[in-house]
Every structure is written in structure tokens, then in C-alpha cells.
Amino acid sequence: MEALSLYSIPQSPIMKRVAVIGIGNVLMSDDGAGVKVLELLQGKLPEGVTTIELATGGMTLLHKLEGLDTAIICDAADFGGTPGEVRVFSPDEIESVKTIGYSLHDIDIMKVLEMAKELGHLPGSVFIVAIQPVNLSFSEELSPEVAASLPELASRILEITAQNI
């Protein structure tokens with residue numbers, strides 16, 4: 001009988017735990033872009049990459065980050081760009097100017113990332129893929145500029161996932 005060694009047992013590659021997290025309120029026009037881009041990504045993401053829809057973010061984000069190797073957070077954010085412009089940031093590049101919200105559901109994404117780091121739950125790689133909003137009023141429709149830029153938003157997310165799996 002042949003002895004088995006560790007070298008003869010087929011090893012499966014360790015898959016990284018990667019998630020695309022869409023944040024936004026689809027009832028507030030362009031604020032919903034982070035959630036709506038998840039629809040464009042259906043069936044296009046590499047195997048093993050999960051999508052997570054967080055309508056308004058908040059403390060739920062903290063729990064969703066736990067156990068991930070890479071988090072790609074998609075959101076509408078006013079970074080002073082042109083309407084519909086897409087940019088990729090690391091958390092270190094962002095300084096939040098958001099004031100305290102009315103509840104824990106309104107807590108700033110950057111504050112959640114700080115808490116995750118303090119608790120040891122922050123993924124090794126975090127990307128924030130932001131789109132410059134035009135309209136944040138009550139509407140289920142995206143502004144024409146943001147709607148036209150959703151494919152670019154999806155493309156940037158796909159590039160990041162391909163480099164991080």
C-alpha cells in the first residue's frame with residue numbers, strides 16, 4: 001500500500017473573500033447609484049465575488065466587512081467632480097465632512113471603516129468607487145449624467161475585482 005504524503009494530496013487554491021457593496025437610497029435619485037450598479041454587474045463578476053446591497057449603509061456595513069479580504073464599496077459621493085464622474089479612492093484618501101446623522105443608520109461610511117479597523121474587522125484591501133451625484137431629491141430616477149456613467153462605474157468595479165481575486 002502506497003503511503004500518502006501532504007504533497008500528493010491535491011491542494012485547492014485559497015479563494016479570497018471579495019464583496020462588492022452597493023450603498024445608497026434608490027428613492028433619492030442619484031444617491032441610489034451604488035445600489036443600481038449591482039444590477040449591471042449581475043452575471044459579470046468573477047466567480048466567488050459576492051454582492052451586498054445596503055440601502056442606507058450605517059452600522060450594518062460594519063458587520064458585512066467582517067471576514068472579507070477585499071471590500072469594494074460603491075456609493076454616490078460629492079467629491080467636487082463633474083456630474084457623473086467616477087473615481088476610485090482608498091479610505092486614506094478621504095476626509096469625511098458629513099455631520100452626525102439622526103440615527104445609527106445615518107452613520108458615516110468613514111466612521112464605520114474606522115470602527116472596523118479598531119475591531120480588527122477591516123479587510124486588507126478597501127476600495128471606494130464613487131460617482132459624483134447631480135440630484136439627491138426624492139425620485140426613483142437617476143439624473144441623465146449619472147445614468148450615463150453607470151456602465152463606467154460597473155467597469156471600474158470589474159477592473160478592481162479582476163485584480164483582487
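Trainee: How many bridges join strand β4 to β5, and which way do the two run?
Mentor: Keep in mind that this is a predicted model. One pairing to look at is Val86, which stands opposite Ile131 in β5. β4 covers residues 86-89 and runs antiparallel to β5, and the bridges joining them number four.

Trainee: And on β3, what is the bridge partner of Ala76 in β5?
Mentor: β3 and β5 run parallel, joined by seven bridges. We already met the residue in question, since it is the one in β5 that Val86 stands opposite. For Ala76, the bridge partner is Ile131.

Trainee: How many of the residues of β5 are buried?
Mentor: β5 has seven residues, and the strand is mostly covered. Buried here means under 20% relative accessible area. By that cut-off, the buried count in β5 is five.

Trainee: Moving to helix α1, how many of its nine residues are buried?
Mentor: Go through the helix: Ala33, Gly34, Val35 and Lys36 are buried, and so are Val37, Leu38 and Leu41. Those buried residues pack against β1, β2, β3, β5 and α4. The helix is largely enclosed by the rest of the structure because its buried residues number seven.

Trainee: Which residue with a positive phi follows α1?
Mentor: α1 takes in residues 33-41. The residue that follows the helix has a phi near 80 degrees, and it is Gly43.

Trainee: Which element gives the most to the largest nonpolar core?
Mentor: That core has 21 residues, and Val20, Leu153 and Ile157 touch the most other members. β1, α1, β3, β5 and α4 each supply at least two of its residues. With six residues, the top contributor is α4.

Trainee: Which residues of α4, the helix at 144-163, does Val20 touch?
Mentor: Leave out residues up to four places away in sequence, and Val20 still touches a good list, including Leu38, Leu41, Ile52, Ile72 and Cys74. To pick out the α4 members, use the helix range, 144-163. On the Val20 list, that leaves Ile157 and Thr161.

Trainee: Apart from that core, how many residues does the other one have?
Mentor: The other core lies apart from the one around Val20. Among its members are Ile109, Met110, Val112 and Leu113. Its residue count is 20.

Trainee: Is Leu142 buried or exposed?
Mentor: Leu142 sits in the loop between β5 and α4. Even in that loop, Leu142 touches Ser29, Asp30, Gly32, Ala33, Lys36, Ala147 and Leu150, not counting residues up to four places away in sequence. Its relative accessible area is 15%, so Leu142 is buried.

Trainee: How far apart are the C-alpha atoms of Leu142 and Asp31?
Mentor: Along the chain, Leu142 and Asp31 are 111 residues apart. Leu142 also touches Asp30 and Gly32. The C-alpha separation between Leu142 and Asp31 is 8.3 Å.

Trainee: Which residues form a nonpolar patch on the surface together with Leu27?
Mentor: Leu27 lies in the loop between β1 and α1. With a relative accessible area of 37%, Leu27 is partly exposed. The patch has about 290 Å² of accessible area together, and the partners of Leu27 in it are Val26 and Phe138.

Trainee: Of the three salt bridges, how far apart in sequence are the parts that the Arg17 and Asp69 pair ties together?
Mentor: The two side chains meet at 3.2 Å, N to O. Arg17 is partly exposed at 47%, and Asp69 is partly exposed at 26%. Arg17 lies in the segment before β1 and Asp69 in the loop between α2 and β3, so the pair ties together parts whose sequence separation is 52 residues.

Trainee: Which residue forms a salt bridge with Glu152?
Mentor: The partner is in helix α4 too, four residues away from Glu152, or about one helical turn. Glu152 counts as partly exposed at 37% relative accessibility, and its partner does at 25%. The closest N and O atoms are 3.4 Å apart, and the partner is Arg156.

Trainee: Last one: is Lys117 buried or exposed?
Mentor: Lys117 is found in helix α3, residues 109-119. Its C-alpha is 9.8 Å from that of Leu62, 55 residues apart in sequence. The relative accessibility of Lys117 is 61%, and the cut-off for this class is over 50%, so Lys117 counts as exposed.

How values were computed: Residues numbered from 1 in each chain as written. Predicted model: local features only at pLDDT ≥ 70, side-chain atom pairs only at ≥ 80, totals over all residues. Heavy atoms only, no water. Buried < 20%, exposed > 50% of the residue type's maximum accessible area, 1.4 Å probe, protein only. Patch = residues over 30% accessible without salt bridge, like charges linked within 9 Å, V, L, I, M, F, W, Y side chains within 5 Å. Areas by Shrake-Rupley, 256 points an atom, 1.4 Å probe, with all protein chains shown as cover. Salt bridge = Lys/Arg side-chain N within 4 Å of Asp/Glu carboxyl O. Contact = heavy atoms within 4.5 Å. Core = buried A, V, L, I, M, F, W, Y, C linked by side-chain atoms within 4.5 Å. Pairing = 2+ DSSP bridges.
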